[in-house]
Amino acid sequence: MTRYALHPQVGLREEKFGALAYHYGNRRLTFLNDDRLVAVIRTVEQYDDIDAALAAVGVVAEQRPAFYRALERLREAEVLICE
Amino acid sequence: MRVTDRLSHGLDAPICLTWELTYGCNLACVHCLSSSGKRDPRELTTSELFAVVDELAAMQVFYVNIGGGEPTLRPDFWELLDYCVARKVGVKFSTNGSRITPSIAQRLAATDYVDVQISIDGADAATNDAIRGPGSFDVAVTAMQHLTDAGFENFKVSVVVTRDNVAQLDGFLALTARYGAQLRLTRLRPSGRGADVWDTLHVTADQQQTLYRWLLDHPRVLTGDSFFHLSALGEPLPGLNLCGAGRVVCLIDPIGDVYACPFVLHDQFKAGTVRDAGGFTKVWRESVLFTELREPGSAGACASCGSYDACRGGCMAAKFFTGIPLDGPDPECVHGHGEAALLAAAGSRPASQPGHSHSAAGKGRPVPVSIGRRPA
Ligand code: SF4
Ligand code: SF4
């Protein structure tokens, strides 16, 4: 099972619409428009698997595929790393 | 809600903060947005600079764009750079390259969180020096060589697109590629000394079409999202298609005054000063001007335009300094509504403000030799 963590060079800043993620290495800014996604990103490394992290912020099973895809896109954007 | 709609209501801290450390400059480019020349005796002191950085760090401003003038002319510039980096406020600074010696280049290459942007305005010395002054092309290219030799990858080379250099876009790309740098193109706005040359140097309607297609074909070229008015031509350009003034963008000037954007150095767009109680944070979050700018604006004369969603009436600075009402069309409106608005505004252009330094005493203003010249 994939384990994610926030990329060490990424800073997160809360905003009304969710959060901004800035990568100090590649200098890219990413907009995170979903509060639960932001919460997952902040906490995901404390969990052994993604489902536990998603469950903890109240994402039910039917909604998870969209979150899996979002997390994978964030890994491609180097906001998250895979451990 | 789309990201642009969310952003138009403003953010807790700016995304794109420009900080002009000094208007002192050893060049005197004809289109300088800040009419740079002399240093101002009222410039922020070193400890005031540091206090601003502390605020930015507390607000989690990820990075600042430091410019001027020539920011490296401040003797405490390198100290400030270290101070920012130590507080995790990234820095991208703009320079004409004159101070980028081999040893400075090495130091910069060894520092994370620092990015360098060298300005040129022509892909060859003749085109560049007509705008930026004799010898300035060689100075810039030498700085690029020093950065490359030091192993600095992906530094930026920034070009203001004009009528005279728009035919050189491929040339700019080739030049930057030689140094492993990244090209950044920005729009010429009638701000500062740019107002004096805008009529003759801003790109023509045909050139805008070419530029738009070129930008779509080269999505990796950076633009600071400054050409969003071209999105009205069809497929939107990548990036944020809105005027971010006071919403995501702002400027701190050398004496600590805060403006809605680097291109509107005029009292009407001054929100406050970092020297007042509450500092920059209070100006950003509570100033009357920024609060107003974050309210939904009326589409005004653009209301009936089918492209309004893409262009949103264009650039506030370009309108203001050409005398067009702020709810009027952009002077370079791709549907041609700029010409009539410019005619109607004839004679009502606001003067540039005193207090922003002009050419250095005794140096004289360079003759804008490119005026009247047209690419064949
Ligand atoms: S006024 Fe013009 S330059 Fe300034 S943020 Fe708005 S669009 Fe950009
Ligand atoms: S009419 Fe206004 S919104 Fe439409 S393209 Fe022109 S400037 Fe943009």
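# A tour of chain B

By class, the lining of the second largest pocket holds twelve nonpolar, eight polar and eight charged residues. Here Ala, Val, Leu, Ile, Met, Phe, Trp, Tyr, Cys and Pro count as nonpolar, Asp, Glu, Lys and Arg as charged, and the others, Gly among them, as polar. The model is predicted: local features need pLDDT of at least 70 and side-chain atom pairs count only at pLDDT 80 or more, while totals for chains, interfaces and linings use all residues. Residues are numbered from 1 along each chain as its sequence is written, chains are lettered from A and ligands numbered from 1 in the order in which they are written, and side-chain values use heavy atoms, with hydrogens and water left out.

**Stop 1: the second largest pocket**

Select B:Arg247, B:Leu293, B:Gly297, B:Ser298 and B:Tyr308. The volume of this pocket is about 690 Å³. Of its 28 lining residues, the five just selected, B:Arg247, B:Leu293, B:Gly297, B:Ser298 and B:Tyr308, are the closest to its centre. Helix 1 (3-8), helix 11 (288-293) and helix 13 (316-321) of chain B are the elements that give two or more residues to the lining. Which helix gives the largest share? That is helix 11 of chain B, with three residues.

Two terms need their cut-offs. On a 1 Å grid over the protein atoms alone, a pocket is an open set of points with protein on both sides within 12 Å along at least five of seven lines, a cavity is a set of points where a 1.4 Å probe fits but cannot get out, and lining residues have an atom within 4 Å of a point. Grid points are joined across faces, edges and corners, and a volume is the space filled by probe spheres set on the points. Helices (H or I, at least four residues) and strands (E, at least two) are DSSP runs, numbered from the N terminus.

**Stop 2: a cavity**

The structure has two cavities of 30 Å³ or more. For the second largest, select B:Val161, B:Arg187, B:Leu188, B:His202, B:Val203, B:Gln208, B:Leu211, B:Phe227, B:His229 and B:Glu332, which line it. The space inside is about 50 Å³. Its lining divides into five nonpolar, three polar and two charged residues.

**Stop 3: the two ligands**

Show ligand 1 and the residues near it (a heavy atom within 4 Å). These are B:Arg189, B:Phe228, B:Cys243, B:Gly244, B:Ala245, B:Cys261, B:Phe263, B:Cys315, B:Met316 and B:Ala317. The shell has eight nonpolar, one polar and one charged residues. B:Cys315 is buried, at 11% relative accessibility. Buried means under 20% relative accessible area, exposed over 50%, and partly exposed in between (1.4 Å probe, protein chains only).

Move to ligand 2. Around it are B:Ala232, B:Cys302, B:Cys305, B:Tyr308, B:Cys311, B:Gly313, B:Pro329, B:Asp330, B:Cys333, B:His335 and B:His337. This shell has seven nonpolar, three polar and one charged residues.

**Stop 4: cysteines**

How many disulfides does a search of the whole structure find? The count is zero over all chains, a disulfide being a pair of cysteine sulfur atoms within 2.5 Å. Select B:Cys25: the nearest cysteine sulfur, that of B:Cys29, is 6.2 Å away. B:Cys25 is buried, with a relative accessible area of 14%.

**Stop 5: salt bridges**

Over all chains there are 20 salt bridges, each a side-chain nitrogen of Lys or Arg within 4 Å of a carboxyl oxygen of Asp or Glu.

- Select B:Arg107 and B:Asp82, whose closest N and O atoms are 3.3 Å apart. B:Arg107 sits in helix 4 (residues 102-109) and B:Asp82 in helix 3 (residues 77-86) of chain B, 25 residues apart. B:Arg107 is partly exposed at 39%, as is B:Asp82 at 41%.
- Select B:Lys156 and B:Asp115, with 2.7 Å between the closest N and O atoms. B:Lys156 lies in strand 5 (residues 156-161) and B:Asp115 in strand 4 (residues 114-119) of chain B, so the pair ties together parts 41 residues apart in sequence. Are these two residues buried or exposed? Both B:Lys156 and B:Asp115 are buried.
- Select B:Asp199 and B:Arg349, which meet at 3.0 Å, N to O. B:Asp199 is in helix 8 (residues 194-201) and B:Arg349 in the segment after helix 14 (337-344) of chain B, 150 residues apart.

Finally, select B:Arg39, B:Glu43, B:Arg74 and B:Asp76: salt bridges that share partners join these four into one network.
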